[in-house]
Amino acid sequence: MNPPSETPGGAIGTGPAPLLLCDVQALAGAAPAPAGALWKLAESGRQLDANLVHLPPGESVATHREPDLDVLLLVVAGGGTLGSPDGVQPLDAGGLLWLPHGSTRRIDAGPDGLSYLTVHRRRPGMRIGHRAADAPQGGPPGT
């Protein structure tokens, strides 16, 4: 195995290079932002999925349960609420939430709308053949 080589400026020169993907605050601040995904991670070979989602004022993601994936949710702009069986908690810009697999939740945008980034393990792609007994079941993407 060859040791990593240093390039000018001290950067390590092996493996794929880090890549700046977008400015989530600029995307979330574009007015008027359409409802839905403003950006999706689409790089080949990735192990994660990520989405920047926008909900206009008063819109919501209906109550649902994600049986298989833990999700990190970072509020980028606006605000709203996250409802769960334990109650309702505010969502404010900068808030980082862990939505554990198996949890039930509902997301409601406040009067300024709500933009949030979700990150979770990538679901396997569709395949022709028999489904394994432990294969993930579908749910709303990135919530």
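This is a short tutorial dialogue on reading a predicted model.

User: Let's start with the overall layout. How many helices and strands are there, and what pattern do they follow along the sequence?

Analyst: Bear in mind that we are looking at a predicted model. The protein chain has one helix and seven strands. Reading along the sequence, you meet them as α-β-β-β-β-β-β-β.

User: And what share of contacts joins residues at least 24 apart in sequence?

Analyst: Take the contacts between residues at least 6 apart in sequence: 65% of them link residues at least 24 apart. As for burial, 29% of the 143 residues in the protein chain are buried. The accessible surface is about 9,300 Å², with 58% of that belonging to carbon and sulfur atoms.

User: Now the inside. Which residues have the most contacts inside the largest nonpolar core?

Analyst: A nonpolar core is a set of buried nonpolar residues joined through their side-chain atoms. Here the largest one has 14 residues, and those with the most contacts inside it are Leu 55, Leu 73, Leu 91, Leu 97, Ile 107, Leu 114 and Tyr 116. Strand 2 (48-55), strand 4 (71-84), strand 6 (96-99) and strand 7 (104-121) each give two or more residues to this core. Another core, of seven residues, lies apart from it; Ala 28, Ala 50, Leu 52 and Leu 117 are among its members.

User: Can we zoom in on one core residue? What does Leu 97 contact beyond its neighbours in sequence?

Analyst: Setting aside residues within four places in sequence, Leu 97 is in contact with Val 71, Leu 72, Leu 73, Val 75, Leu 82, Gln 89 and Leu 91.

User: Gln 89 catches my eye in that list. Where is Gln 89 found?

Analyst: You'll find Gln 89 in strand 5 (residues 87-92). Besides Leu 97, its contacts outside four places in sequence are Gly 80, Thr 81 and Leu 82. From C-alpha to C-alpha, Gln 89 is 9.9 Å from Ile 107, and the two are 18 residues apart in sequence.

User: Why does Gln 89 count as partly exposed?

Analyst: The partly exposed class runs between the buried limit of 20% and the exposed limit of 50%. Gln 89 has 38% relative accessibility, so it counts as partly exposed. Asp 92 is also found in strand 5, and its relative accessible area of 48% makes it partly exposed. Asp 92 is in contact with Val 75 and Gly 78, leaving aside neighbours within four places in sequence. Asp 92 and Leu 74 sit 9.3 Å apart, C-alpha to C-alpha, with their positions 18 residues apart in sequence.

User: What about the surface? Which residues make the nonpolar patch?

Analyst: Leu 72, Leu 74, Leu 96 and Trp 98 make a nonpolar surface patch of about 420 Å². Strand 4 and strand 6 each supply at least two of the patch residues. Leu 72, for one, lies in strand 4 and is partly exposed at 41% relative accessible area.

User: On to charges. How many salt bridges does the structure hold?

Analyst: The general idea is that side chains of opposite charge can pair when their charged atoms come close. This structure holds two salt bridges. One joins the side chains of Asp 49 and Arg 46, at 2.9 Å from N to O.

User: Are those two partners buried or partly exposed?

Analyst: Asp 49 is buried, at 16% relative accessible area, whereas Arg 46 counts as partly exposed at 21%. The 20% cut-off is what separates those two classes.

User: And which residue does Asp 108 form a salt bridge with?

Analyst: Asp 108 pairs with Arg 106, and their closest N and O atoms are 3.0 Å apart. Asp 108 is found in strand 7, and Arg 106 is partly exposed at 31% relative accessibility. Not counting residues up to four places away in sequence, Asp 108 touches Glu 59, Ser 60, Gly 79, Gly 80, Thr 81 and Leu 114.

User: One last residue. Where is His 64, and what does its side chain reach?

Analyst: His 64 has its place in strand 3 (residues 60-65). Its side chain reaches the backbone oxygen of Ala 62 at 2.9 Å. With 10% relative accessibility, His 64 counts as buried.

Terms used: Residues numbered from 1 in each chain as written. Predicted model: local features only at pLDDT ≥ 70, side-chain atom pairs only at ≥ 80, totals over all residues. Heavy atoms only, no water. Core = buried A, V, L, I, M, F, W, Y, C linked by side-chain atoms within 4.5 Å. Buried < 20%, exposed > 50% of the residue type's maximum accessible area, 1.4 Å probe, protein only. Helix = DSSP H or I, 4+ residues; strand = E, 2+ residues; numbered from the N terminus. Contact = heavy atoms within 4.5 Å. Patch = residues over 30% accessible without salt bridge, like charges linked within 9 Å, V, L, I, M, F, W, Y side chains within 5 Å. Areas by Shrake-Rupley, 256 points an atom, 1.4 Å probe, with all protein chains shown as cover. Salt bridge = Lys/Arg side-chain N within 4 Å of Asp/Glu carboxyl O. Polar contact = N/O pair within 3.5 Å; in protein donor to acceptor, adjacent residues only side chain to side chain.
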